[in-house]
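Trainee: Before we discuss this entry, could you put the structure on the screen so that we can go through it together, one element after another?

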Amino acid sequence: MQPEPRTLFDKLWEQHRVARLNGEDLIAIDRIFLHERTGAVALRSLAAAGRAVVDPARVFAVTDHIVDTRHGRTGTLVPGGDSFLSATREETRAAGIRLFDVGVPDPGIVHVISPELAIVLPGATLVCPDSHTCSQGALGALAWGIGSTEAEHAMATGTLRLTRPRATRVTFEGALAPGVTAKDMALTLIARHGAGGGEGDAIEFAGDAVRALDIEGRLTLCNMATEFAAMSGFIAPDEVTFDYLHGRRFAPRGAEWDAAVAAWRELKTDPGARFDREIVIDAGAIVPMVSWGTSPQSAVGVDGRVPGQGESGLGADGYARAIDYMGLAPGQPLDALPIDAAFIGSCTNSRIGDLRRAAALVKGRRVAAGLQALVVPGSSAVRRAAEAEGLDRIFVDAGFEWRMSGCSLCFYAGGEGFAPGSRVISSTNRNFEGRQGPGIRTHIASPETVAASAIAGRIADPRELSR
Ligand SMILES: CC(C)[C@H](C(=O)O)[C@@H](O)C(=O)O
Ligand code: SF4
């Protein structure tokens, strides 16, 4: 008898299921990543309970969320932030956990350095008390965000207790048009199906347009799965994945590498396997997107208009509140909207390819007068690579500030922010009220759209500059 065809998700889940428990499953966790904001809490609480980390070699930690990203940084600008940093340093040392700290060669945003160092590998389960952990599914792993109590459980036992999510496939058929990116794919999916549209889903991203993405584009797409309320997003590993990982710091070597690749080649959905849910999107119809509201679902084509309530997908109160917070009127064209600041950074879009594409648009041009523009590379490795190619000069010559790596102004932690009331175009993933500071109006878009807008001084279509 032929074995039942299985989805990639079935394979990942079943390979890690160690027990069934009254409707839930106990899943083995291969890697745990911590950052100073939530990881410090988990580590302190675990130590206070007198529990040991069962396998410290599988746990990694980083300082990225509240570290100062200005040059010459010494710590954090966040009030009270020092205690998170010192707790992370003390507790990781006590538990024997490897810490990528500022001042050592490889710090960066957790979801940027994990693939860079090959800490995440195809077929692995990886958790981190951070919602954008799903980014790392781009490498063919099952990676998802957890709470700090679950992080304690995972560290103490090497397992987590979970309800099996729905196996969902989102297929992007065909090819993207020039100037359209993985960020626009994610925003299109969320705009069409709603910010809650993926709730309870483990999403395999598939189709020709996904296969055609490099690893960085795949990371951007999977990063936004949590903005779709999905448990995780992932992509079957292929030659692009293996080429990316080969030779990286924690990747297997020699015969182990060959054996690993042979096993990783099996990590794909079998023909005829059944999904609980399928979504199909025509990639060729996707355009550069920008958000107008205070949820990632409130996004339209950059050449579009602020929708009326009827087409917004929001209720009357939610719509009124979003329009009011964002200082917009129904029917207003987005590409006429003046902006005060532009931010290129975050675990969504701060990798070398993102910076290269933005720099190509910025080169030889100037940021609009009076506009604050920043580039924050996602990791030290990205920063060094960009500097070796002269991308920092391109940005600085154009009037951008060039920073050290970290989460920086992706989210407001209280240390620094944009000028009060600023309208910001941002390559990040969240545009909630106050996300980038009190009263800040955030429009999320691709790094290309952010770069083009910084030059124009208003929200701008990147295709205008590249023509
Ligand atoms: C601080 C952290 C827990 C949070 C998250 O979980 O995502 C942050 O990274 C964010 O992007 O809002
Ligand atoms: S870059 Fe932003 S979204 Fe990503 S982990 Fe940091 S704060 Fe969260």
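Trainee: How far apart do the C-alpha centres of domain 2 and domain 3 lie?

Mentor: We should keep in mind throughout that this is a predicted model. The domain assignment of the protein chain gives domain 1 (8-165 + 239-264), domain 2 (170-237 + 269-285) and domain 3 (290-466). For domain 2 and domain 3, the distance between the C-alpha centres is 22 Å.

Trainee: Which helix gives the most to the side of domain 2 that touches domain 3?

Mentor: The contact takes 16 residues from domain 2 and 19 residues from domain 3. On the domain 2 side, α6 (182-193) and α8 (215-223) each supply at least two residues, and that side divides by class into six nonpolar, five polar and five charged residues. With five residues, the helix that gives the most to the side of domain 2 that touches domain 3 is α6.

Trainee: Between which domains does ligand 2 lie, and why?

Mentor: The residues around ligand 2 include His65, Ile109, Asp130 and His132, and also Ser346, Cys347, Cys407, Cys410, Phe411, Thr428 and Asn429. By class, the shell around ligand 2 holds five nonpolar, five polar and one charged residue. Because both domains give residues to this shell, ligand 2 lies between domain 1 (8-165 + 239-264) and domain 3 (290-466).

Trainee: And for ligand 1, how many residues of the shell are nonpolar, polar and charged?

Mentor: The residues around ligand 1 are Arg37, Thr38, His65, Asp130, Ser131, His132, Gly145 and Phe411. His65, Asp130, His132 and Phe411 are among the residues listed for the shell of ligand 2 as well. By class, the shell around ligand 1 has one nonpolar, five polar and two charged residues.

Trainee: Which residue of β7 is the bridge partner of Cys128?

Mentor: Strand β6 (residues 125-128) has Thr125 and Val127 pointing one way and Leu126 and Cys128 the other way, with all of them buried. It is joined to β3 by two bridges in the parallel sense, where Ile32 has Val127 of β6 as its bridge partner. With strand β7 (residues 142-145), β6 pairs over four bridges, again in the parallel sense. There, the bridge partner of Cys128 is Gly145.

Trainee: In the open sheet of three strands, which are the edge strands?

Mentor: The order of this sheet is β1-β2-β8, and the pairing is antiparallel. Neighbouring strands are turned by 20° against each other on average, direction ignored, and strand β2 (residues 24-28) is joined to β8 by four bridges, with Leu162 as the bridge partner of Asp25. Pairing on one side only, the edge strands are β1 (17-21) and β8 (159-162).

Trainee: Against which elements do the buried residues of α2 pack?

Mentor: In helix α2 (residues 39-48), the buried residues are Gly39, Ala40, Val41, Ala42, Leu43 and Leu46. Just after this helix, Gly50 takes a positive phi of about 75°. The elements against which the buried residues of α2 pack are β3 (31-35), β4 (59-62), α3 (81-95) and α5 (148-157).

Trainee: Which residue of β19 stands opposite Ser426?

Mentor: Five strands form an open sheet in the order β17-β16-β15-β18-β19, with parallel pairing, and its edge strands are β17 (401-402) and β19. Both faces of strand β19 (residues 441-444) are nevertheless covered, Arg441 and His443 being buried on one side and Thr442 and Ile444 on the other. Four bridges join β18 to β19, and in this pairing Val424 stands opposite Thr442. The residue opposite Ser426 is Ile444.

Trainee: At about what angle to β15 does α16 run?

Mentor: Helix α16 (residues 447-456) is mostly covered, with ten of its ten residues buried, and Gly457, which follows the helix, has a positive phi near 80°. The buried residues of α16 pack against β13 (289-291), β15 (341-344), α13 (352-362), β16 (372-375), β18 (423-426) and α17 (462-466). The helix lies across β15, β16 and β18, and its angle to β15 is about 150°.

Key: Residues numbered from 1 in each chain as written. Chains lettered and ligands numbered in written order. Predicted model: local features only at pLDDT ≥ 70, side-chain atom pairs only at ≥ 80, totals over all residues. Near = placed C-beta within 6 Å. Nonpolar A, V, L, I, M, F, W, Y, C, P; charged D, E, K, R; others polar. Domains from an automatic or database assignment. Pairing = 2+ DSSP bridges. Axes fitted to C-alpha atoms, helices over the stretch in contact; angles between N-to-C directions. Buried ≥ 20, exposed ≤ 12 C-beta atoms within 10 Å, placed from the backbone. Contact = placed C-beta atoms within 7 Å.
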